[in-house]
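User: Hi, I am new to this one and would like to go through it slowly with you. Could you put it up first?

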Amino acid sequence: MVKSKKNEVLLDNLQGLLKEFSNLASEPFYKSLDAIIYCIKSGEGISKGATKFTWGKATAKNIATKHLNERFIELVNIYHVYCIDSKDLMYSAVGKVQLPSEVLIHNSKVEEWILIVSEITRYFRNTSNNKAYHDLELMRLVILVLNSHLFKKEVKSCPACYRVIRNRVYCWEHSSKLPSFHRSIKLKEILRNEQQSVRFLKDREIRNILGEYPSGNKLQFIQIIMCETWDVASAAIAQLVNEYLPSLQKLFSEKLELECIAIKGNDLTKNFDNLVDFIEWTYSSRILDNRFESSRSVFWFVNTLFVADGYFKAETQLADNVDKRFKDTNSRDEEIIRLKRSGFSIRKIEKQVDVNRAQIHNILNKWNITG
Ligand SMILES: [Zn+2]
């Protein structure tokens, strides 16, 4: 048994995927993935020299050739036949699609490969070829997990905001060298108390385990945005922003110079050619300035939107609190006394002046007002 912490994470990821697809994938393909897990567990082909128990490209290539390529070729061939029959234009792109074993060891090729495989997956889904659909989906996720393990990709984000970071603890905006650092700590506290934000921040923490393109998401929106055409996806994004992300709704409609604050699907299709275009614009320095975010994953994009919205809301809330703190306390006290004298209950005063009950009691005691 190979004992290595790195392999444990890899095994966790793969076993998690297998569990998720246990009744969905075809039996032979499922078995070949079981074989991959066995290879890793038994340390087969893993170098035990200077770089102890680490996975090399050669091992990865061998494993993929042995256990993934065959089913992949089979599925791509089904798709080819369909393309030739229907004279589909995707054929020229798919004709050159690379084998899992090739893609796995070339980091730069993964992104394009994923796009092509998603296209083929969509064909199987639309034709209700469920075994093929799930096998290919699982294949894509396995490649992503193996690839990020091989190239040690780790995604970290700033704990105070929505930005992806490289080597620091906080992003450039929230680094401790800046005077605004303590402000951002307060923002972080507000963000961590917001229930919705907590959920999405938690997701972000397990991003490496979920992989770049986790399936089975809770949000229906993610499914639609990920799988439908840009026309349909843009309408779903508009609805998502209008219903759940008020701060971003304001920001987007300002930046896109829209006439009304509510965003419409065709506001997006007019300004952006496709989903990736829109995602890139949102991450750009003009909007969220999430400059180290290299993933174009819909799941993490939507996740970022929620965290960013919570962050902007927290910023407004903090600004309000600061305003209150610097308000002239004498005039605040006078107002409370005036209300008390005109017969307002503490509960009503609380609502009027936005000071909590205990504080109101303290203020009244201070001025010797009894009720
Ligand atoms: Zn930050």
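User: Let me start with a small spot: is Ser128 buried or exposed, and why?

Analyst: Ser128 is exposed, because 8 other C-beta atoms lie within 10 Å; a residue counts as exposed at 12 or fewer other C-beta atoms within 10 Å of its own, as buried at 20 or more, and as partly exposed in between, with C-beta atoms placed from the backbone. Please keep in mind that this is a predicted model, in which local features need pLDDT of at least 70 and side-chain atom pairs count only at pLDDT 80 or more, while totals for chains, interfaces and linings use all residues. Residues are numbered from 1 along each chain as its sequence is written.

User: Where is Ser128 found?

Analyst: Ser128 is found in the loop between α7 and α8 (130–150), where helices (H or I, at least four residues) and strands (E, at least two) are DSSP runs numbered from the N terminus. Its phi is near 55°, a positive value in a residue other than glycine.

User: And which residues of α7 itself are buried?

Analyst: In α7, the buried residues are Val110, Trp113, Ile114, Val117, Ile120, Thr121, Tyr123 and Phe124.

User: Why does the length of α7 agree with what it should span?

Analyst: The 17 residues of α7 (residues 110–126) should span 24 Å at 1.5 Å a residue, and the end C-alpha atoms are 24 Å apart, so the two agree; the expected span is 1.5 Å times one less than the number of residues.

User: Stepping back, how many helices and strands does the chain have?

Analyst: The chain has 20 helices and 2 strands, and of its 371 residues 31% count as buried.

User: Which residues touch the most other members in the largest nonpolar core?

Analyst: Val241, Ala308 and Tyr311 do, in a core of 42 residues; such a core is a set of buried Ala, Val, Leu, Ile, Met, Phe, Trp, Tyr and Cys residues joined through C-beta atoms within 7 Å. Among the elements giving two or more residues to this core are β2 (164–165), α9 (181–193) and α13 (230–244), and α17 gives the most, with 12 residues.

User: What is Val241 in contact with, leaving aside its neighbours within four places in sequence?

Analyst: Val241 is in contact with Leu248, Gln249, Phe252 and Ile263, contact being C-beta atoms, placed from the backbone, within 7 Å. Apart from this core lies another, of 34 residues, with Leu33, Phe72, Ile120 and Ala132 among them.

User: Changing topic, at what angle do α18 and α19 cross?

Analyst: The axes of α18 (residues 329–341) and α19 (residues 346–353) come within 10 Å and cross at roughly 145°; axes are lines fitted to C-alpha atoms, for helices over the stretch in contact, and angles run from 0 to 180 degrees between N-to-C directions.

User: Which residues meet there?

Analyst: Arg332, Glu335, Ile336, Leu339 and Lys340 in α18 meet Ile349, Gln352 and Val353 in α19.

User: One last place: is Tyr170 buried or exposed, and why?

Analyst: Tyr170 is buried, because 21 other C-beta atoms lie within 10 Å, and Tyr170 lies in the loop between β2 and α9. The C-alpha atoms of Tyr170 and Pro159, 11 residues apart along the chain, are separated by 6.6 Å.

Methods
Contact = placed C-beta atoms within 7 Å.
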